[in-house]
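Hi everyone, thanks for making the time. I'd like to walk you through a structure that you may not have seen before, so here it is.

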Amino acid sequence: MNEFVVGSNRKIDPTRYAHLKADNTPADNDRVEIGPTELAFDEWAALGVDVPDMPALREYRLARLQAQIRLHDCAGLLLFDPLNIRYATDSTNMQLWITHNMARACFVPPEGKMVLWDFHNCDHLSAHLPLVGELRGGASFFYFETGDHTERAAAAFADQIIDVMQQHAGTNKRLAVDKIEHIGYAKLRERGVDILEGQVLTEHARSIKNDNELKAMRCAIVACEAAVEEMRDVMQPGISENEMWAALHAGNIKRGGEWIETRILSSGPRTNPWFQECGPRIMQNGDVMAFDTDLVGTYGYCCDVSRTWMVGDAKPNAEQRKLYQVAYEHVMQNIELIEVGMSFVEMTEKAHRLPEEYRALRYGVLAHGVGLCDEYPCVRYPEDVAAHGYGGAFEAGMTICVEAYVGAVGGKDGIKLEEQVLVTDKGAVALSNYRYEDDFLV
């Protein structure tokens, strides 16, 4: 069998060997890096789902970012958003905690290896990643961590950034930054750094997936859909919405998935209006139950699909079928519209129009990009395009979620449907495959 040295040029003992898993990561039971479980690998193999080559995927994502850095003539790209750090390095560390405690940072140079600032005593978490060339500390400058020394900590970090910029780009003072505490921004500006909006670079880099990245996303979707089926098995009158949602969490985690971004599952009258979070409500026979997965699954990729079911053995009534059929038509027609080169505004103009009685409670977007999480682009409804629409066009390799929420103001029920698709030269192709409900479509 194929063998390799586990580790990089820094931390892990170079004499430690392990076989490779199908995704070219170490088959080492004690390894540091997270990843899919054997359950996930077995399910993918049974379904003939190809797994990604993870070292190659990491190289592709770094190349995408570095192409954007060179396009914008920057000395580098400074990242604090943990999803952007994940995209760049494939390293993880307390991802949800880091979203509101910005203790990690990454500098991506125009060429070469990255510099990663990690949390206290966490160097080992990225030791398996050879694209990370240097580990540092000192990226924390928020009050919980640094108190009345925050300004001093931010100044010290800014000095480090000047150092790495000079190492990688000489006198170029243009730095793209995705997010930063305001005191850090001020200290960089004091040092003459010209700060550009880094999210322009990261969103456009992340928006195009190659075949290998699509393999990772398909794996995440298949694992998510297996967890959705387990949630369906739990559904019955007399259990709470929370108990239903817990089954989805459990199915995700046991396959090596990571977290769920929201908790949007509701039943009965709580389906209208939308965005009510799952709670202690006990579901009844004949209730409509709707959910949006918003699930960050295996390899850190998002599966973002929505479905609506009937609770118990009751059949949907005429009004419920009408709502569902409008939502289904809305999603399917809008998927059929998508083609390479179509502008986002053009999709808005040509999109299926919801009947008047459902427009007030329309969803926030017709469609949005998806990768490690929701991402560029957003395509708006006609009512919202003037305030929130923007330029751009669909490109091959984009992955898009097409959505519908259908419910009337004051109505009893609402229906939520959503499909995840790939934009190709021949139109949009479904990535998610979970079934729709025949009883609603008759």
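**Rings, strands and a tyrosine**

Let's start with tyrosine 436, which has a relative accessibility of 15% and therefore counts as buried, since the limit is under 20%. Keep in mind throughout that what we have on screen is a predicted model.

So what lies over the face of tyrosine 436? That's arginine 307, at 4.0 Å from the ring centre.

Arginine 307 takes us to strand S14, residues 306-310. Five of the five residues in S14 are buried, so the strand is mostly covered. Look at how the side chains are arranged: Arg307 and Trp309 point one way, while Ser306, Thr308 and Met310 point the other way, and all of them are buried. And which strand pairs with S14? It's S11, residues 288-292, running antiparallel to S14 with five bridges between them. One of the matched positions is methionine 289, whose bridge partner in S14 is tryptophan 309. As a quick reminder, strands in a sheet pair through backbone hydrogen bonds, and the pairing can be parallel or antiparallel.

While we're on strands, there's also an open sheet of three, in the order S9-S12-S13, with antiparallel pairing. Strand S9, at 259-260, and strand S13, at 302-303, are at the edges; each has a single partner strand, so one side of each has no neighbour in the sheet. Between S12, residues 295-296, and S13 there are two bridges, in the antiparallel sense. Here valine 296 sits opposite cysteine 302 of S13.

Okay, on to the aromatics. How many aromatic pairs turn up in a search of the whole structure? The search finds 19. Let me show you tyrosine 324 with phenylalanine 440: the ring centres are 4.4 Å apart and the planes are at 15°, so this pair is stacked. This pair links distant parts of the chain, with tyrosine 324 in helix H11 (residues 318-337) and phenylalanine 440 in helix H14 (residues 438-441), 116 residues apart. Are these two buried or exposed? Tyrosine 324 is at 0% relative accessibility, so it counts as buried. Phenylalanine 440 is at 2%, so that one counts as buried as well.

Now compare the pair formed by tyrosine 328 and our starting residue, tyrosine 436. Their ring centres are 5.1 Å apart and the planes are at 80°, so this one is edge-to-face. It also links distant parts of the chain: tyrosine 328 is in helix H11, and tyrosine 436 is in the loop between strand S19 (427-430) and H14, 108 residues apart. Tyrosine 328 has a relative accessible area of 28%, so we call it partly exposed.

Two more aromatic items. Phe80, Trp117, Phe141 and Phe157 form one aromatic cluster. And there's a lysine over a ring too: lysine 416 lies over the face of tyrosine 363, at 4.6 Å from the ring centre.

Last stop, tyrosine 60, in helix H2, which covers residues 54-71. Its relative accessible area is 18%, so tyrosine 60 is buried. What does tyrosine 60 touch, leaving aside residues up to four places away in sequence? The answer is Ile208, Lys209, Asn210 and Glu213. As for alanine 105, 45 residues along the chain from tyrosine 60, the two C-alpha atoms are separated by 20 Å.

That's my tour, thanks for listening!

Notes:
Residues are numbered from 1 along each chain as its sequence is written. This is a predicted model: local features need pLDDT of at least 70, side-chain atom pairs count only at pLDDT 80 or more; totals for chains, interfaces and linings use all residues. Side-chain values use heavy atoms; hydrogens and water are left out. Helices (H or I, at least four residues) and strands (E, at least two) are DSSP runs, numbered from the N terminus. Buried means under 20% relative accessible area, exposed over 50%, partly exposed in between (1.4 Å probe, protein chains only). Contact means heavy atoms within 4.5 Å. Two strands pair if DSSP finds at least two bridges between them. Rings of Phe, Tyr and Trp (its six-membered ring) pair if their centres lie within 6.5 Å; planes under 30 degrees apart count as stacked, over 60 as edge-to-face and the rest as tilted. A charge sits over a ring if NZ of Lys or CZ of Arg is within 6 Å of the ring centre and within 35 degrees of the ring normal.
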